[in-house]
Amino acid sequence: MIQRIPETPLREIMLDAHEVEVKSIYSISKNKKLHYNEESTQICVNGVPIFDCLADMLFDSGFVSEIAQLRTDRRRKIIDAHSKPQDYSPEDLFHLQFDYELLAIDHLVNTELVGRIASNLDSKIDRHYAQRYFLTSSSGRTFFEEVLLKEFESLGHQLLRLNGYCSEKDFFFEDKGFHCFLKHTMTRDKLIRIILDYDSVVSRLKERYDSLLEDNQQFESPSEVYDKIKEIRVEQMR
């Protein structure tokens, strides 16, 4: 029996369920509507992107510090709860581990504004690095780049199966087959789709896995793929 996947994205369901907590954290009036835009890509407040609604607050160092402290306090409480679980009810543990502020925190960044600030810097080198790194996490890693790296690892594995072991680098790809590819790239899909339509998600990713050689014909050996992965990792560290 084929299950019908709900049309409402999980992110919208989660926002509706925890709207009160999110409004409280970001000091949004209770009578205002917190919702996603039609494309389900941006959280809005009465139709206005949340980064515009909170524009003045986002440039207030005190407010930013409060959010940062909230993140620190939540982490401390979670560590404490896991070290003494007998002191917490299941409901308390659930709420402690749900980052209500994170529902909106990614939506507080106005990418157009960031781009304008970067382009207005006086130094050419400053403009270059600001435009390139403003939206990169402090670890230097981004979700889609990590997925790309996992695809390269699986590509190296497939080339290894074709060409055999030729250098020490090749051993890196020994266990990077489809199971590894599936484990590390499935999260690019919607969680609700993974839960309710798992087989089709696996099937689609298997097609992607099987097309890696054809899509990356510029690589002829696992060693070349290894060097490309190393290049990306070094750039992230910078």
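Two residues are in contact here when heavy atoms of theirs lie within 4.5 Å. The exercises below concern a predicted model.

**Exercise 1. Describe the surroundings of asparagine 37, beginning with its place in the chain.**

Step 1. Asparagine 37 belongs to the loop that links β1 and β2.

Step 2. Once its neighbours within four places in sequence are left aside, asparagine 37 is in contact with Gln42 and Cys44.

Step 3. The side chain of asparagine 37 also reaches the backbone nitrogen of threonine 41, at 2.8 Å.

**Exercise 2. Work out the strand order of the sheet, and explain why β1 and β3 stand at its edges.**

Step 1. The chain has 15 helices and 3 strands, and an open sheet of 3 strands is arranged in the order β1-β2-β3 with antiparallel pairing.

Step 2. Because β1 (34–36) and β3 (48–49) each have a single partner strand, they stand at the edges, and one side of each is left without a neighbour in the sheet.

Step 3. Strand β2 (residues 43–45) is joined to β3 by 2 bridges, the two strands running antiparallel, and valine 45 stands opposite valine 48 in β3.

Step 4. Helix α1 (residues 10–17) lies across β1 and β2, and its direction makes an angle of about 180° with that of β1.

**Exercise 3. Compare the settings of serine 27 and asparagine 46, each of which has a positive phi without being a glycine.**

Step 1. For serine 27, phi is near 55°, and the residue is found in the loop between α2 (19–25) and β1.

Step 2. With 56% relative accessibility, serine 27 counts as exposed, since the cut-off for that class is over 50%.

Step 3. For asparagine 46, phi is about 50°, and the residue is found in the loop between β2 and β3.

Step 4. With 46% relative accessibility, asparagine 46 counts as partly exposed.

**Exercise 4. Identify the helices that supply the largest nonpolar core, and the residues that phenylalanine 219 touches.**

Step 1. The largest nonpolar core has 18 residues, and those with the most contacts inside it are Phe152, Leu155, Met186, Leu205, Phe219, Val225 and Ile229.

Step 2. At least two residues of this core come from each of α10 (143–163), α11 (178–185), α13 (198–210) and α15 (222–237), and α10 gives the most, with 5 residues.

Step 3. Not counting residues up to four places away in sequence, phenylalanine 219 touches Phe152, Leu155, Leu159, Glu224, Val225 and Lys228.

Step 4. Apart from this core lies another, of 16 residues, among them Leu34, Phe63, Ile67 and Leu108.

Step 5. As a general background to such groupings, nonpolar side chains tend to be buried together in soluble globular proteins.

**Exercise 5. Is glutamate 153 buried or exposed, and which residues does it touch?**

Step 1. Glutamate 153 lies in helix α10.

Step 2. Its relative accessibility is 5%, so glutamate 153 counts as buried, the cut-off being under 20%.

Step 3. When residues up to four places away in sequence are not counted, glutamate 153 touches Phe172, Phe173, Lys176 and Ile229.

**Exercise 6. Place leucine 213 in the chain and relate it to phenylalanine 152.**

Step 1. Leucine 213 lies in helix α14 (residues 212–215), and at 28% relative accessibility leucine 213 counts as partly exposed.

Step 2. Although leucine 213 and phenylalanine 152 are 61 residues apart along the chain, their C-alpha atoms are separated by 9.9 Å.

Step 3. Leaving aside its neighbours within four places in sequence, leucine 213 is in contact with Leu155, Gln158, Leu159 and Leu162.

Step 4. For the chain as a whole, residues 24 or more positions apart account for 59% of the contacts with a separation of 6 or more.

**Exercise 7. Compare the end-to-end reach of helix α5 with its expected span, and list its buried residues.**

Step 1. Helix α5 (residues 61–83) has 23 residues, and the 33 Å from its first C-alpha to its last is close to the 33 Å expected at 1.5 Å a residue.

Step 2. The buried residues of α5 are Phe63, Ile67, Arg74 and Ala81, while over the chain of 238 residues 33% count as buried.

Step 3. At the start of α5, a side-chain oxygen of aspartate 60 reaches to within 2.7 Å of the backbone nitrogen of glycine 62.

Methods:
Residues numbered from 1 in each chain as written. Predicted model: local features only at pLDDT ≥ 70, side-chain atom pairs only at ≥ 80, totals over all residues. Heavy atoms only, no water. Pairing = 2+ DSSP bridges. Helix = DSSP H or I, 4+ residues; strand = E, 2+ residues; numbered from the N terminus. Axes fitted to C-alpha atoms, helices over the stretch in contact; angles between N-to-C directions. Core = buried A, V, L, I, M, F, W, Y, C linked by side-chain atoms within 4.5 Å. Buried < 20%, exposed > 50% of the residue type's maximum accessible area, 1.4 Å probe, protein only. Expected span 1.5 Å × (residues − 1). Polar contact = N/O pair within 3.5 Å; in protein donor to acceptor, adjacent residues only side chain to side chain.
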